[in-house]
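Visitor: I am new to this structure. Please take one part and walk me through it closely.

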Amino acid sequence: MKIRYEIRSKSDPVNIYISLSAGRGKAFKRKTGKTIYLEFWDDVKGLPKGKTDEIKNLKTDLEKLRIAVNERFDKDEPAGIEITADWLQDQVNFYFGKSEIVELDILTTYIQKYIDEAPYKKNAKKELGLSKGRIQNLKLFKNTVLKYEEEKLKGKSVVLKEINLKFLENYKMWMFGKGYSTNYVGKNIANFRTICRDAGKNDFEISTQVKSFEGISESREPEDIITLNEDEQEAIKKAELFREALINARKFLLLGCLIGQRAGDLLNITKKNIKEIGGVKIIELKQQKTGKLVAVPLLPEALEIIKDGLPYKISLSRFNEYIKDVCKAAGIDGPTKARIKQTKGTPHTKDIFPKWQVISSHVCRRSFATNFYGRIPTPVLMNITAHGTERMFLSYIGKTTYDNAFQMVEYFNKLAPKVKESPAMEVIRNTGSNEK
């Protein structure tokens, strides 16, 4: 009798199978319920390879399972118990505990499994490791599902195989009823698709309708995109503020409009991020969401803001709170169409509000991109804001491809030298000595 382990796929992550060979006509394979990434599998030894605790523990489990199956075989086979594929599966279930496999059929349990495996998941760049932002998004997704189970299903857990188009429609209607934004609803649908596809790859039962899950997103009109133009920034700079917290938040707000970074990166800037290259001061940082290293030159206006030092660190929630007060003090109160949640627990309301009331941390990066569009080449702006495609960038600032085309024409007109008048061409006849 021989027991070994093998994998039968080339798509990460792969299931680990236990193979038992007990003579002619007695060769069986069954899933162990364990998965692994290809790079951590040793085909020759038929075991995991690697030095992490997780890999070592998995290898130990498989070796102990082999011993347990072997011992049970030595007892059952002489006793006349038929050795079958089901017998093998029973041994696997008995060793690992059947509850482990059953629990993974539950959506929230599988989401947690996906989160736990984040360091080994491939990201959008085909590299290993999900970003902090992506992990946070999955945690929020799990919490939203738990809330849905509590409110709509009376505490009953959602099972993977139950997630079909009808379920998705009910879930969407619940989310819209709770006041969640269209974009967040769309992210949830995308997460259902991701989790179900991953479960399917691991041979869990899922609906055949998963491939038909379609995301949704909210198209935004240019007038819905909230920015602070240069005049408004000047008003903010001159506003009379009496609280130190607001003065500090104003520094962050104005600096953010000049360096184009997300609030999570902006609020974590320290002296270590400021460097000088070729006589030019820059802010160099590694973006939390993308993992991309960016260097942004500090314009004279930015240097003026931090001449007495960088603002002290505050939380994102406080920043969002304070900059509303800063903008209110600066008279940034023009009527602005927006969709906001006025009190916690209430749905979002789309209406006309004083502009200061709808200001949030997003205004920094969007103002930078909008105000410098047409003045700095779009690829340079995209490199700073870390937008993946030009289409995403233009949508972010409420522009179209036509706007970009006109911007390019203007840019080239400034660069192109004026065409000089071509000199008149003279035809000189050959009057050499060989003329007859």
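Guide: Here is a close look at helix H5, followed by the aromatic pairs around the chain. Keep in mind that this is a predicted model.

Start with the length of the helix. H5 runs over residues 132–152. At 1.5 Å a residue, its 21 residues should span 30 Å. The C-alpha atoms at its two ends are 30 Å apart, so the helix agrees with that expectation.

Now look at which residues are hidden. The buried residues of H5 are Asn137, Leu138, Phe141, Lys142, Thr144, Val145, Tyr148 and Glu149. Viewed down the axis of H5, they fall within an arc of 165 degrees, so they line one face of the helix. A general rule helps here. An α-helix has 3.6 residues a turn, so residues three or four places apart point the same way.

What does the buried side of H5 touch? Its buried residues pack against H4, H6 and helix H7. H4 covers residues 107–116, H6 covers residues 165–177, and H7 covers 182–201.

Turn the helix around. The face of H5 directed away from the buried side carries the exposed residues Lys132 and Glu150. Just after H5 comes Lys154, with a positive phi of about 55 degrees.

Go back to the buried face and pick out Tyr148. Its ring pairs with that of Trp174. The ring centres are 5.2 Å apart and the planes meet at 70 degrees; over 60 counts as edge-to-face, so this pair is edge-to-face. Tyr148 lies in H5 and Trp174 in H6, so the pair ties together parts that are 26 residues apart in sequence. Both Tyr148 and Trp174 are buried.

This pair belongs to a wider group. Phe141, Tyr148, Phe167, Tyr171, Trp174, Tyr180, Tyr184 and Phe192 form one aromatic cluster. Two of its members, Phe141 and Tyr148, are also among the buried residues of H5.

Step back to the whole structure. A search of it finds 16 aromatic pairs. One of them joins Phe40 and Tyr120, edge-to-face, at 5.7 Å centre to centre and 90 degrees between the planes. This pair links distant parts of the chain, 80 residues apart. Phe40 sits in the loop between strand S3 and strand S4, while Tyr120 sits in the loop between H4 and H5. Phe40 is buried, with a relative accessible area of 17%. Tyr120 also counts as buried, at 18% relative accessibility.

One last ring has a charged partner. Arg8 lies over the face of Tyr17, at 4.9 Å from the ring centre.

Definitions and conventions: Residues are numbered from 1 along each chain as its sequence is written. This is a predicted model: local features need pLDDT of at least 70, side-chain atom pairs count only at pLDDT 80 or more; totals for chains, interfaces and linings use all residues. Side-chain values use heavy atoms; hydrogens and water are left out. Rings of Phe, Tyr and Trp (its six-membered ring) pair if their centres lie within 6.5 Å; planes under 30 degrees apart count as stacked, over 60 as edge-to-face and the rest as tilted. Helices (H or I, at least four residues) and strands (E, at least two) are DSSP runs, numbered from the N terminus. Buried means under 20% relative accessible area, exposed over 50%, partly exposed in between (1.4 Å probe, protein chains only). A charge sits over a ring if NZ of Lys or CZ of Arg is within 6 Å of the ring centre and within 35 degrees of the ring normal. The expected span of a helix is 1.5 Å times one less than its number of residues. The arc is that of the directions from the helix axis to the C-beta atoms. Contact means heavy atoms within 4.5 Å.
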